[in-house]
Amino acid sequence: MILLGSTLLRTPVVSIQTGSPIAEIERALIDPAKLDIVAYTVKGPLVTRHPAYIRIADIRELSDMGAIVDSADEFAYGGDVIKIDELEKLHFNLLGMNVVDETRKKIGKVIDYTIDMGSFYVQQLTVRRPLMQRFADTGLLIHRSQIVEISNDAIVVHAGAKTPEPERTE
């Protein structure tokens, strides 16, 4: 199943043990090297310290009720998981990043993304075009296979189809 990343924000985290919501998802923690979601930051009444995370491996299922976990014991906190601490230090936020082509021409900004719920990989980026280009088309979907590089400043994607060279005839 594929879902928009924004639909999971403010989703309740529900405990099987209590049968009730124990927290709420705030934002995704994305690894820029693989474009996969490692964890979600959470807030709620049973969160004892901040920042608190729920790892993807600890989510049993996503349903209409929310993200289902065993209990509040599944929360990880700052300093508990090395990979999460490393990603937090990067301050990587996919939303709002500039998208440029290989010639460094601006294509737009990331406003959302789609996630494959089986693997939690980011599959596509939803890109809003710059103001003057919005008249021709309002947005773009960029598949992960089109991404060449991800830097601190921008996401570089393959340039579009090249115009063919005119043939010379005698």
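**Figure 1. Arg 10, in the loop between strands E1 and E2.** In this predicted model, Arg 10 sits in the loop that runs between strand E1 (2-4) and strand E2 (12-15). Its backbone is worth a look: phi of Arg 10 is near 65 degrees, a positive value in a residue other than glycine. Is Arg 10 buried or exposed? With 61% relative accessibility, Arg 10 counts as exposed.

**Figure 2. Arg 104, in the loop between E9 and E10.** Here's another arginine with a positive phi, near 70 degrees for Arg 104. You'll find Arg 104 in the loop between strand E9 (98-101) and E10. Its relative accessibility is 51%, and the cut-off for exposed is over 50%, so Arg 104 counts as exposed.

**Figure 3. The cis peptide bond at Pro 51, and Arg 49 in that loop.** Zoom in on the loop between E4 and E5, where Pro 51 has its place. The peptide bond from His 50 to Pro 51 is cis, with omega near -5 degrees. Arg 49 forms a salt bridge with Asp 80, and the closest N and O atoms of this pair are 3.8 Å apart. That pair ties together distant parts of the chain: Arg 49 belongs to the loop between E4 and E5, while Asp 80 belongs to the loop between strand E8 (76-77) and H1, 31 residues apart. Both partners are partly exposed, Arg 49 at 43% relative accessible area and Asp 80 at 47%.

**Figure 4. Two more of the salt bridges.** How many salt bridges does the structure hold? There are five. One of them joins the side chains of Asp 31 and Lys 83, at 3.1 Å from N to O. This pair also links distant parts of the chain, with Asp 31 in strand E3 and Lys 83 in helix H1 (residues 82-90), 52 residues apart. The two ends have their own settings: Asp 31 is buried, at 6% relative accessible area, whereas Lys 83 is partly exposed, at 35%. Arg 55 and Asp 58 make another salt bridge, with their closest N and O atoms 3.2 Å apart. Arg 55 is partly exposed, with a relative accessible area of 31%, and Asp 58 is buried, with 15%.

**Figure 5. The largest nonpolar core.** This core has 37 residues, and the ones with the most contacts inside it are Tyr 40, Leu 94 and Leu 125. Strands E3 (21-31), E4 (36-43), E5 (52-55), E7 (67-69), E10 (106-116), E11 (121-128) and E14 (154-157) are the elements that give two or more residues to the core. Which element supplies the largest share? That's E3, with five residues. As a rule, nonpolar side chains in soluble globular proteins tend to be buried together. Over the whole chain of 170 residues, buried residues make up 39%.

**Figure 6. Leu 125 and its contacts.** Leave aside the neighbours within four places in sequence, and Leu 125 is in contact with a list of residues that includes Leu 94, Val 110, Tyr 113, Leu 140, Leu 141, Ile 142, Ile 147 and Ile 155. Asp 112 is on that contact list too. For the chain as a whole, residues 24 or more positions apart account for 47% of the contacts with a separation of 6 or more.

**Figure 7. Thr 114, in strand E10.** Thr 114 has its place in strand E10. Its relative accessibility is 10%, and buried means under 20%, so Thr 114 counts as buried. What does Thr 114 touch, neighbours within four places in sequence aside? The contacts are Ile 2, Leu 3, Leu 4, Tyr 121, Val 122, Gln 123 and Gln 124. Thr 126 comes twelve residues away along the chain, and its C-alpha atom is separated from that of Thr 114 by 7.9 Å.

**Figure 8. The second largest pocket.** About 220 Å³ of space lies in this pocket. It is lined by 16 residues, and Arg 27, Ala 28, Phe 92, Asn 93 and Leu 94 are the closest to its centre. E3, H1 and E10 each supply at least two lining residues, with E3 giving the most, four residues. Sorted by class, the lining has nine nonpolar, four polar and three charged residues. For the wider setting, the chain contains one helix and 14 strands.

Technical notes:
Residues are numbered from 1 along each chain as its sequence is written. This is a predicted model: local features need pLDDT of at least 70, side-chain atom pairs count only at pLDDT 80 or more; totals for chains, interfaces and linings use all residues. Side-chain values use heavy atoms; hydrogens and water are left out. A nonpolar core is a set of buried Ala, Val, Leu, Ile, Met, Phe, Trp, Tyr and Cys residues joined through side-chain atoms within 4.5 Å. Buried means under 20% relative accessible area, exposed over 50%, partly exposed in between (1.4 Å probe, protein chains only). Contact means heavy atoms within 4.5 Å. A salt bridge is a side-chain nitrogen of Lys or Arg within 4 Å of a carboxyl oxygen of Asp or Glu. On a 1 Å grid over the protein atoms alone, a cavity is a set of points where a 1.4 Å probe fits but cannot get out, and a pocket is an open set with protein on both sides within 12 Å along at least five of seven lines; lining residues have an atom within 4 Å of a point. Grid points are joined across faces, edges and corners, and a volume is the space filled by probe spheres set on the points. Ala, Val, Leu, Ile, Met, Phe, Trp, Tyr, Cys and Pro count as nonpolar, Asp, Glu, Lys and Arg as charged, and the others, Gly among them, as polar.
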